[in-house]
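Got the viewer open? Let's walk through this one stop by stop, selecting as we go.

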Amino acid sequence: MFDKEKLKSVRSKKEEWDCGPVEKVCAKFPERRPTFTTISGEEVERLYTPADIADFDYESKLGFPGEYPFTRGVQPTMYRGRLWTMRQYAGFGTARETNERYRYLLKQGQTGLSVAFDLPTQSGYDSDHPLSMGEVGKVGVAIDSIDDMRVLFDQIPLDKVTTSMTINAPATVLLAMYLALAEEQNVPYNKVGGTVQNDILKEIICRGQYIYPPLPSMRLTVDLIKYCYEHVPTWNTISISGYHIREAGSTAAQEMAFTIANGISYVQACIDAGMEVDSFGPRLSFFYNAFTNVLEEVAKFRAGRRFWAKIMKERFGAKNPRSMMMRYHVQTGGVTLTAQQPLNNIVRVALQTLATAYGGAQSLHTNSFDEALCLPTEEAVTVALRTQQVVAEESGAADSIDPLAGSYYVEAMTDRIEEEIHGYIQKIDALGGTLKAIDEGYIQREIQDSAYRFQKEIESNERVYVGINKYTMEEPPLTNLLRVDPKQQEIETEKLKKLRATRDQEVWKAALDKLDEVSRTDENVMPAVIEAVKARATVGEICDVWRNIWGEYRPKEFV
Amino acid sequence: MTAKKRVKVIMAKPGLDGHDRGAKLLARVFAEAGMEVVYTGLRQTPEMIVDAALQEDADVVGLSSLSGVHNYFFPRVVELLKEKGLDDVLVVGGGIIPEEDVAGLKKAGVAAIFGPGTRTDDIIKFIEDNVSRS
């Protein structure tokens, strides 16, 4: 796109500038640091010029929004048509309390729900299981059976909201409950919209909420994808997640690379199960983090979109452009929040929101300023939601599509991150794919090394973190923190006792037997799971059927 | 002069919480500081943690929790250690722990709580100053 002669001239003038005025100033006033790097450790130049993107070709690298390779966004009008979905992840205590918080958020202008389940639910244990001790209702809502699910969505019509559920190993079970509930509300499956995370690989890599070994876990993932393709056409069947990889310590490029590597594994698994890439491709979705270094994040999102489009088209032969679109949710960076001077976190979240808007996300959760200390209070959640609304409606960031495109810096950084992603994918392919790379600890080690490097940079003061290693001060502890009633477990245990005593034992037993039978064949488990939840089988009971067949996953630890 | 015995640390994740960035990072930093470290992995019950401390003849047990269950798990580990006669094991904790919970945890026998943003060398120094090498 650039004229060769002119590029040559830019290069030589840049050299003159470097050796002339820059050197002169630096001799008198040295720069603040010998090198400048992003939070991921990417070196940043003093100045970017056309010479840094010499082979830039507008049409092949960027194209137009809604068109291949989707660098500029997945929809033709992006936020000028409709703003991103503001979707705050929430859930705590009982289904009743969480239902109240949902109805509050919807009233405040939130446009989609996002369910946080407690850890027992996420690990497939009932509230009365010994391992659930102390955890019931803590980091999310406790759901044991369809009875709880009914309360959770009380007075919320399932054809009017979309619901995202952070659930992975037992994703089939919670989706089954949601579908059974839709039936009760007389909402047909094709009017039900939402997402299940259903991404077991990142649980194994870094999030820890796994149950079964990788292969049977992947089978559940694929069964859910296939069932939705056939029966719940607008459901997002998986949210392939880099968020937790970043939280665990990875760089921006690693976050995107390992997420795409996992994505490749899921696509391959679906194809191996006999599905056409364009049948399930359009329903795949992604989930990323946003840190405070705005330009690096924007470059990451653009590079990821472009790379995924190429993978789907070139590697998997997708024909439908929708299969090539990387649609994604973003959550602002939990680990970027400080317990020190917590109000500063509002500013961090605002910058992360800006990065998300410039990056072209489809939905966003903004963290609350008190989350390095506890679950967020209602006040903190409201500020977090308002932050999105200010960026969306006051800053102008949503008014023109991909407004940072063409910046020498952003395009150079986009290219560089894309190259890094490519390098990681080649490396993982050479190792024999993601499952192999995980089994050998390669991905885990890469993430841990980055976490370690970052920690060392903070402790050596190489990198400034406001309130942590610079501008620190004495302050009184934050009070009025949100507390979950410690009696939660008793309440849930009582409910379970009643459930077990009052359900139709024969129907319940027959449904679990059927599930056991189906799970031992190649048949899709989803219909049997739906019957089981309707028969009021609990999350723990259903997950136990599979524990008996497949056993439990115990990871090797790579420290 | 005989060489000082190396400090042995059990790093443990009690409960179902999967956030282990901090635990793994500290395991590495402690090892670099010359300590011997055993990381238990996720989903440990207090009984499992105390068994590990007993078997490994640990001097220190480090507990990490980010899911809000510290008030249940941390005191329970201290209690079980005492029951097994491991009174001299130094128990320290970290994670997402509100300031107002710290006094109660200390009263229950947790020697220190290290919240987000703590320098790792401060933790190492605390351990070296307070561990009883038996």
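**Stop 1: the two domains of chain A**

Start by colouring the two domains of chain A: the C-alpha centres of domain 1 and domain 2 lie 38 Å apart. Keep in mind throughout that you're looking at a predicted model. To make the selections, take residues 4-53 of chain A for domain 1 and 65-439 of chain A for domain 2. Now show where they touch: 10 residues of domain 1 of chain A and 12 residues of domain 2 of chain A take part in the contact. What classes of residue does domain 1 of chain A bring to the side that touches domain 2 of chain A? Colour that side by class and you'll find 4 nonpolar, 4 polar and 2 charged residues.

**Stop 2: a helix pair within chain A**

Stay in chain A and select residues 505-519, which is helix α20, along with residues 539-550, which is helix α22. Their axes come within 10 Å and cross at roughly 35 degrees. Rotate the view to look at how α20(A) and α22(A) cross: the crossing is right-handed.

Next, bring up the side chains. From α20(A), pick A:Leu512, A:Leu515, A:Asp516 and A:Ser519. From α22(A), pick A:Glu541, A:Ile542, A:Val545, A:Trp546 and A:Ile549. Sorted by class, the residues of this contact between α20(A) and α22(A) come out as 6 nonpolar, 1 polar and 2 charged.

**Stop 3: where chain B meets chain A**

Show both chains together. Chain B puts 29 residues into the contact and chain A puts in 33. On chain B, highlight α1, α3 (70-83), α4 (99-107) and α5 (120-130), since each of these helices supplies at least two residues of the side that touches chain A. Which helix gives the most to that side of chain B? It's α1(B), with 5 residues. Colour the chain B side by class and you get 11 nonpolar, 8 polar and 10 charged residues.

**Stop 4: a helix pair across the chains**

Finally, zoom in on helix α18 of chain A (residues 442-459) and helix α1 of chain B (residues 21-32). The axes of these two helices come within 10 Å, crossing at roughly 75 degrees, so α18(A) is roughly perpendicular to α1(B).

For the residues in this contact, show A:Gln448, A:Ala451, A:Tyr452 and A:Gln455 on α18(A). Facing them on the list from α1(B) are B:Arg21, B:Lys24, B:Leu25 and B:Arg28. One last colouring by class gives 3 nonpolar, 2 polar and 3 charged residues for the contact of α18(A) with α1(B).

Key: Residues numbered from 1 in each chain as written. Chains lettered and ligands numbered in written order. Predicted model: local features only at pLDDT ≥ 70, side-chain atom pairs only at ≥ 80, totals over all residues. Domains from an automatic or database assignment. Contact = placed C-beta atoms within 7 Å. Nonpolar A, V, L, I, M, F, W, Y, C, P; charged D, E, K, R; others polar. Axes fitted to C-alpha atoms, helices over the stretch in contact; angles between N-to-C directions. Helix = DSSP H or I, 4+ residues; strand = E, 2+ residues; numbered from the N terminus. Parallel < 35°, antiparallel > 145°, perpendicular 65-115°, else oblique. Left-handed = near helix turned anticlockwise from the far one by under 90°.
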